[in-house]
Amino acid sequence: MYLGLPESVRACLFDLDGVITKTAVVHKAAWKETFDDFLRGRDGEGFRPFGDDDYDRYVDGRPRADGVRAFLDSRGIRLPEGGEDDPPDRLSVHGLGNRKNELLLEKIRKEGVEAYPASVRYVRAVRDAGLRTAVVSSSRNCRDVLASVGIEELFDVRIDGVVAAERSLPGKPAPDTFLAAARDLGVDAAASAVFEDALAGMDAGRSGHFGYVVGVDRVGQARELREHGADTVVTDLEELLLPDAADLEGPP
Ligand SMILES: [Mg+2]
């Protein structure tokens, strides 16, 4: 079956939020509510709100605390680090991160989680073709999200926020979580493809020297995904299953 990948690829490493499940929008909404509340409390009603650009540049794809630090840094704001158990109303890096997680889980409970049907079809096609699969996510909720849509069995390996903490792996944009997934699958990075919707994920794909990097563009940032190292950009994984005119020149 045609998979839209170079023949050398033996393993596929998939990001979760925004690639497999429709949860990137929920993450973005939870971050916006968290940061806007914080900025309003700090600067009053004239505060500069958290925007789409802030999400793409500083937060999307990164581990929670790294995202808080990167965004605050971009505004020249310093908060104490705090501890991982900080309550969600504490003004610290971890406090804000925990507030975001609380809002995220609330939204997921209320709205539920959905997988992209085309992504599920694609992962099944890849497995039917004998390739190995991993899910690589910064999220500590990865396992629950997979379970809630009943697709845990589609991935041979899971490297998520929980596993990364256990193994002391730095999160995206560092390539370490993707490299760990390839290693656990017994496949070289050069024979692995990365599927990501975040700019931080593209950077990880590039610096890890993976064989192929697929940018998944859900929000109209194809150009930025390419600038950050995507070998190809699709709006839906279904496109990879359909050879188009460009491929008549030969496989990518
Ligand atoms: Mg993502």
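**A walk through the protein and its magnesium site**

The surface is a good place to begin: the protein exposes about 11,600 Å², and carbon and sulfur atoms supply 47% of that area. Keep in mind as you look around that this is a predicted model.

Now step back and take in the whole chain. Its secondary structure comes to 10 helices and six strands. The radius of gyration is 18 Å, close to the 18 Å that the globule rule gives for 252 residues, so the protein is as compact as a globular protein of that length. If you follow the C-alpha trace along its principal axes, it spans about 60 × 35 × 35 Å.

What about the inside? Of the 252 residues, 53% count as buried. The contacts also tell you how the chain comes back to itself: taking those with a separation of 6 or more, 61% are between residues 24 or more positions apart. As for charge, there are 33 positive and 47 negative side chains, and the centres of these two sets lie 3 Å apart.

Next, find the magnesium ion. Its protein donors are Asp-15 (OD), Asp-17 (O) and Asp-197 (OD), at 2.1 to 2.2 Å from the ion. Along the sequence, these donor residues follow the spacing D-x1-D-x179-D. Two of the donors, Asp-15 and Asp-17, are buried.

From there, move to helix H8, which covers residues 176-185. Its buried residues are Thr-177, Phe-178, Ala-180, Ala-181, Ala-182 and Leu-185. What lies over them? The cover includes strands S1 (11-14), S2 (132-136), S3 (157-159) and S4 (192-196), along with helices H7 (161-166) and H9 (199-207). Just after H8 you will meet Gly-186, which takes a positive phi of about 75°.

Our last stop is Lys-107, a residue of helix H4 (residues 93-111). Is this lysine buried or exposed? The cut-off for buried is under 20% relative accessible area. Lys-107 has a relative accessible area of 17%, so it counts as buried. Leaving out residues up to four places away in sequence, Lys-107 touches Val-26, Ala-29, Ala-30, Glu-33 and Gly-112. You can also use Lys-107 to compare sequence with space: Lys-107 and Asp-53 are 54 residues apart in sequence, and their C-alpha atoms are 22 Å apart.

Conventions
Residues are numbered from 1 along each chain as its sequence is written. This is a predicted model: local features need pLDDT of at least 70, side-chain atom pairs count only at pLDDT 80 or more; totals for chains, interfaces and linings use all residues. Side-chain values use heavy atoms; hydrogens and water are left out. Donors are N, O and S atoms within 2.8 Å of the metal (3.2 Å for Na, K and Ca); water is not among the atoms, so sites may look incomplete. Buried means under 20% relative accessible area, exposed over 50%, partly exposed in between (1.4 Å probe, protein chains only). Helices (H or I, at least four residues) and strands (E, at least two) are DSSP runs, numbered from the N terminus. The radius of gyration is taken over C-alpha atoms; the globule rule is 2.2 Å times the number of residues to the power 0.38. Contact means heavy atoms within 4.5 Å. Accessible areas come from the Shrake-Rupley method with a 1.4 Å probe; for residues, only the protein chains shown count as cover. Lys and Arg count as positive and Asp and Glu as negative; His and the chain ends are not counted. The place of a charge is taken as NZ of Lys, CZ of Arg, CG of Asp or CD of Glu.
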